[in-house]
Amino acid sequence: MCIIVTNSPNVSELMTPLLQSAVPTSVVDFWLGSINPLWSTQQALARITKLESSASDTVTLTLKANRHVQGFLPGQHINITVEVNGVRRVRSYSPAWVNSSAGEFSISVKRVDGGAVSAWLSQPACIGQVVEVSAAFGEMTLDASQPKTTIMLAAGSGITPFLSLLRSQLADYPAPITLLYWTKHEDELCFVDEFNALASTYPHFTVQYFLTQANQPAQRLNEQHLQSLINDADNTQIFACGPQGFVQHAAMLAKQQNITAVIEAFYAPEVIFDSNHQVAITLQRSQKTIMVPVGQSILTALEAEGINPAYGCRRGLCNTCSCTKLSGSTQHLHNQDMNHESPTSLRICINSASSDLTLDL
Ligand code: FES
C-alpha cells in the first residue's frame, strides 16, 4: 500500500505557472514562501504542527506536507533537512503515521546525546518551523501477495518503521508477525499501549519487550529468541532496525538460520581506522587528488578535506551519496565485503577505500 499525501490546490499552485513564465524559480519561491512558508514551486516542504512525548527520551512530531511531498510505503524512511543555528543538517526518520487526506504525517525523534538535530526537534520551539522532505527510500516493506512469517527485531528508535508497518498492514497480512523490541530501560519503550492493543486484537501478532540495562539479567538478542519462532526457514523473513551492532548481530543470526534478512542500521557505522595508512582518491570531474585513511568512510574522509559531496541518510539507505567508482578497491563498512569491480556504483557513506581510487566526482 502506497500512502500518497494529497493536498487540494492552493493559491501558489494557481499562480506558479504564471509567475514562473517571467521570473526565476528562486525568486518565485522567495515570494511564495514569504506569503506561506509551505508554498513552493517545486520544493517538498512540511511544517511541524504538533509535538508530543512518546517515551522518556522520544518525542513524536506531526507535520503538514505541501503538495510536493511524495507518497511513501509504510516502513520506508525520508530525509528531513533542518537549519540549526544557520547550519543545514539532514537526518532520516521513518514516518509512523499518515492522514493522507489532511496531508499530515508524523515522525518519532529520539534525543541523542550531543545530537544537534534531535535536540532542536525535541523543543516545543520547533512547532511552526518548516523543514525539507526528501523522496522516500528503504526496502523494509511487507508484501501481502507473498506472505512470510515475519520476525521484526527493533532496538531503540529502530521501532518506528515497524510501528508504521503494523498500523497500516497488520490487519490484512496473512502470515504470523512477531515483534521483539529492545531498549535499555523500561521508560524508553515507545507505543507500548498500541502494540499491546494490536496483539489483543490480532491473533497472528505477538510482541515481546526486552531491557538491556535494567536491574535484571541483560536480555540481549541471541539465537534462542529466534529459534522458537522459526518452523520453516524458507517461508520466514527477518526485519531488523536499530544501532549498527544490533543489526549486524541480527544479520549474523539470520545467516546461521538461512533466513532472508532485511537490516537497516539507525546510525552510521562506527569505524576504527589507522590514520597513518593512507591511499589516494582521485576525483575525476573535480580534477583533485587527496589522501585518505584506509578504513574511514569515503564521505567522511572527503568532508575532512573540505569536499562536500551530496548525502542524505549517511547509513547506506537513500542512495543520495552514490557515485561511480572508475577504478580501485573498496570495503563495505557494514559487512566488510571487498569490492574490486569497476566501473560500479558506490555509496561513499558506507564504503572505505582499500586501494587508490578514481571516482566520478
Ligand atoms: S547518504 Fe544515504 S546512502 Fe549514502
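This report describes the confidence, strand pairing and two helices of a predicted model.

**Confidence**

The chain has a mean pLDDT of 86, and 86% of its residues reach 70 or more. Among the elements of the chain, strand β20 (residues 357-359) has the highest mean pLDDT, 97, and helix α1 (residues 11-20) the lowest, 57. Over residues 1-6 the pLDDT stays under 50, although the model has 20 contacts beyond four places in sequence for this stretch. Where pLDDT is low, the predicted coordinates should not be read in detail.

**Strands β1, β2 and β6**

Strand β2 (residues 58-65) is mostly covered, with seven of its eight residues buried. Strand β2 pairs with β1 and also with β6. The link from β1 to β2 is a hairpin of two residues. Strands pair through backbone hydrogen bonds, in either a parallel or an antiparallel sense. The pairings discussed here are listed below, each with one pair of facing residues.

| Strands | Sense | Bridges | Facing residues |
|---|---|---|---|
| β1 (residues 45-55) and β2 | antiparallel | eight | Leu51 and Leu61 |
| β2 and β6 (residues 104-110) | antiparallel | seven | Lys64 and Glu104 |
| β15 (residues 322-327) and β18 | antiparallel | four | Cys323 and Leu346 |

Lys110 belongs to strand β6. Is this lysine buried or exposed? Lys110 counts as buried because 23 C-beta neighbours lie inside 10 Å, where 20 or more are required. Its C-alpha atom is 6.6 Å from that of Val59, a residue 51 places away along the chain. Beyond four places in sequence, Lys110 is in contact with Asp57, Thr58, Ser118, Gly156 and Ser157.

**The five-stranded sheet**

A separate paragraph is due to the open sheet of five strands, which has the order β14-β13-β20-β15-β18 and mixed pairing. Strands β14 (288-293) and β18 (344-347) stand at the edges with a single partner strand each, so one side of each lacks a neighbour in the sheet. From one strand to the next, the twist averages 40°. The partner of the edge strand β18 is β15, joined to β18 by four bridges.

**Helix α4**

Helix α4 (residues 160-169) is largely enclosed by the rest of the structure, because seven of its 10 residues are buried. These are Thr160, Pro161, Phe162, Leu163, Ser164, Leu165 and Leu166. Their cover includes the strands β4 (87-93), β6, β8 (149-155), β9 (177-183) and β11 (236-242), together with helix α5 (192-201).

**Helix α7**

Helix α7 (residues 244-256) has 13 residues, which should span 18 Å at 1.5 Å a residue; the end C-alpha atoms are 19 Å apart, in agreement. Its buried residues include Phe246, Val247, Ala250, Leu253 and Ala254. Seen down the axis of α7, the buried residues fall within an arc of 120°, so they line one face of the helix. An α-helix has 3.6 residues a turn, so residues three or four places apart point the same way. The face of α7 turned away from the buried side carries Met252, Lys255 and Gln256, which are exposed.

What covers the buried residues of α7? The cover includes β8, α6 (223-227), β11 and β12 (260-265). Strands β8 and β11 are also among the elements that cover the buried residues of α4. Just after α7, Asn258 takes a positive phi of about 55°.

Technical notes: Residues are numbered from 1 along each chain as its sequence is written. This is a predicted model: local features need pLDDT of at least 70, side-chain atom pairs count only at pLDDT 80 or more; totals for chains, interfaces and linings use all residues. A residue is buried if 20 or more other C-beta atoms lie within 10 Å of its own, exposed if 12 or fewer, and partly exposed in between; C-beta atoms are placed from the backbone. Two strands pair if DSSP finds at least two bridges between them. Two residues are in contact if their C-beta atoms, placed from the backbone, lie within 7 Å. Axes are lines fitted to C-alpha atoms, for helices over the stretch in contact, and angles run from 0 to 180 degrees between N-to-C directions. pLDDT is the predictor's confidence in each residue, from 0 to 100. The expected span of a helix is 1.5 Å times one less than its number of residues. The arc is that of the directions from the helix axis to the C-beta atoms.
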